[in-house]
Every structure is written in C-alpha cells, then in structure tokens.
Amino acid sequence: MATERIMTASELPGDDAAGPVGVPGGGGSLRPQTFGEYVGQRELLEKLSIAVRAARERSEPMEHLLLHGPPGLGKTTLAHVAGAEMGRKVYTTSGPALSRGTDLVGALTRLEQGDILFIDEIHRLPISVEEFIYPAMEDFRIDVPVDSGLHARTVQITLKPFTLIGATTRAGLVSAPLRSRFGITHHLQYYGQADLETIVARSAGLLAVEVKDKAAVPLIAARSRGTPRIANRLLRRVRDYAQVRGGKKGGGAITLALVEEALALEGIDPMGLDELDRRYLRTIGTTYQGGPVGVEAVAATLNEDAGTLESVVEPYLLQIGFVARMRRGRMLTAQGAAHVGGGSRAGEGLADGGLFDGDK
Ligand code: ADP
C-alpha cells in the first residue's frame with residue numbers, strides 16, 4: 001500500500017504552488033516575495049543579492065543559477081524572489097514537460113531582456129532539449145530546425161539576454177556540460193530550528209491562526225524535517241484539527257495539546273518522521289538485517305520508486321544519522337535502529353574501514 005506522505009516530490013494542489021506563468025512571486029499566499037522575507041539560507045542569499053545588484057547596476061541579466069537540494073527547501077520560491085528583486089518576469093516550466101527542443105522556442109522568444117526562465121526538475125530534460133538550450137545559455141541564440149529530409153535546414157533566432165534558473169533534487173543526474181554552463185551553483189541546506197520557527201510564526205500570521213501556547217510553534221518546527229514546505233503543511237493540518245476538535249470555546253486557536261494530537265493523527269513521530277520513513281528504516285533493519293543493501297532492493301520491498309527514496313526519504317535520514325551510505329549500500333545506524341526499535345550491524349559496517357561513502 002502506498003503511504004500518503006506529508007512530503008511529496010512535487011507540490012500538491014492546495015499548497016502554495018507557483019502562480020500563473022509570468023507573475024513574479026506566484027499566486028501563493030505563504031511564499032516569500034523578497035530577499036527580506038526569505039528566511040535562512042544566508043550564504044545563498046548573500047551570493048544572490050550581490051549577483052542581483054551587480055546585474056541591475058550593469059543593466060544585464062543575472063547569471064544562470066542552478067539550485068539543488070531536497071524538495072520543499074525553497075528553490076522555486078527563490079526563483080520567484082530573484083525575479084521580483086530583478087524587477088523582471090519569471091516563466092516556469094519543468095524538465096518532464098519538455099520533450100523536444102522546439103517546445104522551448106515559444107517561451108525563449110517571449111523572454112524580455114533580464115527575464116527569468118525557471119526549469120524545475122532540470123535533471124529530467126531529454127538530451128535533445130539540453131543540446132538545444134546550450135547556445136541559448138551561452139550566446140542567447142537558438143537554432144530552430146525548419147523542414148525535414150532533403151530540404152532540412154536551421155534558422156538562427158537571436159534571443160534577448162535572459163537568466164536560466166534550474167532546480168533539481170538529483171544534482172548527480174544533471175549532465176556535466178549542462179552544469180558547467182551555470183555561473184552560480186548552490187546546494188540548499190535543511191533549515192535549522194530557529195529558521196523553521198520563524199517560518200511557522202510568519203505563516204501562522206499570514207493564515208490568521210491564533211497561537212495560544214507559545215511552545216506550539218517550536219513543536220511544529222521541530223517536527224518538520226528541516227523543510228519549510230512540511231512546516232507549512234503541518235501548520236495547515238494543525239489549523240484544521242484545532243478548528244474541528246478544539247471545541248467552540250477554543251475558537252480554532254492552537255494549543256500545545258492540539259498540536260500533539262494533530263501530529264499523532266498524521267503519524268508524525270517526535271523526530272518528525274512519517275510512516276514511509278519508518279517503513280524504510282524497518283525494512284533495512286529487519287528484511288536486510290541492518291544492511292548494507294542497495295536502494296533498489298529497499299524500493300522493491302517497499303513498493304516505492306527508488307528515485308523517490310533517494311531524493312525525498314534518504315537525504316534527511318542521512319542528515320540526522322539514522323542511515324549511512326556506503327559503497328556497498330545503505331546501512332542502518334545504531335540511532336536509526338533504536339528509533340524503530342531494532343538491532344543494527346552498523347557498528348561492524350562502519351568499523352571495516354574505507355567503505356563510508358560520505359554524503360555524496
Ligand atoms: P522547492 O522548489 O525547493 O521544492 P518551494 O520553493 O516550492 O520548494 O518551497 C515550498 C514552500 O515552502 C513555499 O511555498 C514557501 O511557502 C515555503 N518556503 C520555502 N522556503 C522558504 C523560506 N526560505 N522562507 C519562508 N518560506 C519558505
């Protein structure tokens with residue numbers, strides 16, 4: 001049975017997904033619109049604000065930017081913020097939506113000087129589309145094929161200088177030639193507790209949610225897997241719960257007890273892990289005796305997609321040290337095993353030297 005997750009690889013309807021193409025900031029109510037509203041990722045914000053200011057002063061587009069990191073950390077948001085700060089429009093598309101290079105002709109020729117083209121899931125661009133955009137990125141021109149067979153020829157179209165922002169959850173799958181054409185590349189980090197508290201408090205304000213117990217905000221933040229999207233989603237679920245179960249007297253206000261109850265109902269444990277995380281840990285711990293085991297084998301046992309496990313489930317479990325990634329596969333660590341209440345051979349695996357694969 002597929003587990004319903006609080007985190008998915010893409011936005012769900014009702015989340016504050018990107019707004020209509022060409023509208024800076026998107027239609028979402030919770031999305032930050034400016035650098036000032038964007039919480040955390042300070043190093044990246046500093047790099048970007050310098051790039052934006054320099055570009056504006058020279059009246060040039062900002063450099064092409066590649067953002068990678070787990071879903072929900074604010075890559076799309078940042079593309080819209082960059083557009084707003086540049087005072088330019090943002091056009092969005094995604095890798096899987098583009099099957100031929102010519103699919104991009106309309107979007108590329110529509111771009112005005114300095115506009116931003118945002119390509120989500122850029123690792124899923126077919127190679128033909130990648131090759132089509134190389135000259136667009138480098139020389140702001142495209143070669144469009146006209147006719148075929150005997151009369152085949154290409155027509156060159158000059159584009160207005162623009163910025164390409166690519167986002168990916170699987171940096172390793174972005175080809176080297178494509179990656180090398182980005183002027184700025186940045187890996188987004190999971191958010192710390194303080195930043196997540198700021199995000200939850202800000203969202204509660206925007207959603208006009210009354211927070212009765214001060215400790216409710218830190219609790220939601222601590223359970224959100226370091227991810228703003230999850231923080232916002234948990235807040236919405238708690239808001240619903242408080243409205244329905246909080247009683248008439250409660251008036252929809254959030255208390256610590258209501259947060260605990262709502263999160264328990266969602267299957268979110270004290271580490272912020274959900275049922276899929278725990279099934280993943282239990283599978284390695286019991287079916288594969290703690291590992292090492294390849295991700296494909298775990299995915300097959302769980303009846304889940306290996307790519308989803310790699311980009312959505314594993315990064316956080318690696319970050320908190322519940323699994324270790326070795327050349328021979330994944331291993332449950334002692335902490336991971338303790339969390340799901342089982343034994344682990346992690347000590348042995350880590351002790352046999354030279355096999356630890358870091359956080360590659
Ligand atoms: P990604 O593109 O990396 O999957 P998004 O940009 O769609 O993530 O972000 C998910 C949601 O989380 C956004 O809609 C926004 O409300 C919230 N969010 C992300 N980053 C931040 C941030 N730095 N500050 C405040 N809210 C954020």
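In this predicted model, the shell around the ligand takes at least two residues from each of two helices, α2 (75-86) and α8 (228-245). At the level of domains, at least three residues of the shell come from each of domain 1 (41-187) and domain 2 (193-266). There are 21 residues around the ligand, and those that come nearest are Gly 74, Lys 75, Thr 76, Thr 77 and Pro 228.

A second topic is the packing of two helices. Two packed helices are described by the angle between their axes and the distance between the axes. Helix α11 (residues 275-287) packs against helix α12 (residues 295-302) at an angle of about 110 degrees, and their axes are 10 Å apart. Because of this angle, α11 is roughly perpendicular to α12. On the side of α11, the contact is formed by Arg 279, Tyr 280, Thr 283, Ile 284 and Thr 287. On the side of α12, Val 298, Thr 301 and Leu 302 take part.

The table gives the residue classes of the ligand shell and of the helix contact.

| Site | Nonpolar | Polar | Charged |
|---|---|---|---|
| Shell around the ligand | nine residues | eight residues | four residues |
| Contact of α11 with α12 | four residues | three residues | one residue |

A further residue to consider is Leu 318, which lies in helix α13 (residues 306-319). Is Leu 318 buried or exposed, or something in between? Leu 318 has 16 other C-beta atoms within 10 Å, so Leu 318 counts as partly exposed. Along the chain, Leu 318 and Gly 336 are 18 residues apart, and their C-alpha atoms are separated by 9.8 Å.

Technical notes: Residues are numbered from 1 along each chain as its sequence is written. This is a predicted model: local features need pLDDT of at least 70, side-chain atom pairs count only at pLDDT 80 or more; totals for chains, interfaces and linings use all residues. Helices (H or I, at least four residues) and strands (E, at least two) are DSSP runs, numbered from the N terminus. A residue is buried if 20 or more other C-beta atoms lie within 10 Å of its own, exposed if 12 or fewer, and partly exposed in between; C-beta atoms are placed from the backbone. Axes are lines fitted to C-alpha atoms, for helices over the stretch in contact, and angles run from 0 to 180 degrees between N-to-C directions. Angles under 35 degrees count as roughly parallel, over 145 as roughly antiparallel, 65 to 115 as roughly perpendicular and the rest as oblique. Two residues are in contact if their C-beta atoms, placed from the backbone, lie within 7 Å. Ala, Val, Leu, Ile, Met, Phe, Trp, Tyr, Cys and Pro count as nonpolar, Asp, Glu, Lys and Arg as charged, and the others, Gly among them, as polar. A residue is near a molecule or strand if its C-beta atom, placed from the backbone, lies within 6 Å of it. Domain bounds come from an automatic or database domain assignment.
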